[in-house]
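Work through these exercises with the structure in view. Try each task before reading its solution.

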Amino acid sequence: MSEDRNPTPDPAENNAFFPSPYSLSQYTAPKTDFDAVIAKDAYQGPSKVLVIGTEERYMLMQNGKFFSTGNHPVESLLPMHHILEAGFDIEVATITGAPVKFEWWAFPHEDEAVTSAWNKLEQKMKSPKRLSNVIDNELGENSEYVGVLIPGGHGAMLDLPESDSVRSVLDWALENDKIMISLCHGPAAFLAAGYGRDHNPFSGYTMCVFPDDLDAGANIEIGYLPGKMPWALGEALKAEGINIVNDTMSGATYRDRNLLTGDSPLASNALGKLSVEALLERVNA
């Protein structure tokens, strides 16, 4: 195990950094805790899940350094593996249709479940739909989409919270009784529901999210982040009237009505199972 706690330079951008070798030894592994799917081929029909990914790579920290981020591969692909194995299709969209950005340094290359999902979805991740086109052409009362998944990774904080398109998708999901799934830093997207409004419709909901204390403390100390983040996720959600049930990173999940959330990559497997249960419940209602 490397003891180097210095963030690793990203040669693709000036003053940009990946997590330090030490932090990756603590936060990543070649395999996840995936054990089994709970409902293999349980669903056979047209219903599918819309994944909203981030197309942004670099978070500008308060010290002027960039964090090289994106969507976390485990938080993205492990829940998707459960959803795919249950029989639901998945479509991928970003705000402009640009490719989904991944924190590839966190990819568990020996994990068969995550690799399986990536192999099935790679082209959709690289050539996603434009979110506004999905809204115009595929949403509505009779939409085939039964749920929305917003993966984590710090990149979700960059382009999703102030997106009119994300707000429209969340409005549609709430109005049409759809399942909404997110974890770690993905719940930043729920800030979009209140963007440009006096009230966020998620006010009063309870979520699991990645703890602010870790981002402001240990993640900087061990070199996972190259500096203090531009804003704190949990603090912003609480300001919108949203309750956060966790204050640690333990793999916790939580369901509040049709909203399913998890606290970190450690929650990915459990959240995938919870998602399948909720999706099957929805299509069988």
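**Exercise 1.** Is Cys-208 buried or exposed? Then find how many disulfides the structure holds.

*Solution.* This is a predicted model: local features need pLDDT of at least 70, side-chain atom pairs count only at pLDDT 80 or more, and totals for chains, interfaces and linings use all residues. Residues are numbered from 1 along each chain as its sequence is written, and side-chain values use heavy atoms, with hydrogens and water left out.

Step 1. Recall the classes: buried means under 20% relative accessible area, exposed over 50%, partly exposed in between (1.4 Å probe, protein chains only). Cys-208 has a relative accessible area of 1%, so Cys-208 is buried.

Step 2. Do the same for Cys-184. Its relative accessibility is 3%, so Cys-184 is buried too.

Step 3. Check the sulfurs. A disulfide is a pair of cysteine sulfur atoms within 2.5 Å. The cysteine sulfur closest to that of Cys-184 belongs to Cys-208, and it is 11 Å away, too far for a bond. The search of the whole structure finds 0 disulfides.

**Exercise 2.** Which residue forms a salt bridge with Asp-171? Work out which parts of the chain the pair ties together.

*Solution.* Step 1. Use the cut-off: a side-chain nitrogen of Lys or Arg within 4 Å of a carboxyl oxygen of Asp or Glu. Arg-197 is the partner of Asp-171, with the closest N and O atoms 2.5 Å apart.

Step 2. Place both residues. Helices (H or I, at least four residues) and strands (E, at least two) are DSSP runs, numbered from the N terminus. Asp-171 lies in helix 6 (residues 164-175), and Arg-197 in the loop between strand 9 (179-183) and strand 10 (206-207), so the pair ties together parts 26 residues apart in sequence.

Step 3. Compare accessibility. Asp-171 is buried at 16%. Arg-197 is partly exposed at 34%.

Step 4. Try another pair. Asp-256 and Arg-257 meet in a salt bridge at 2.7 Å, N to O. Asp-256 is buried at 11%, while Arg-257 is partly exposed at 48%.

**Exercise 3.** In what order do the 4 strands of the open sheet lie?

*Solution.* Step 1. Two strands pair if DSSP finds at least two bridges between them. The order is 1-2-5-4, with mixed pairing. The edge strands, strand 1 (8-9) and strand 4 (58-60), each pair on one side only.

Step 2. Look at one pair. Strand 1 and strand 2 (residues 16-18) run antiparallel, joined by 2 bridges. Thr-8 stands opposite Phe-18 in strand 2.
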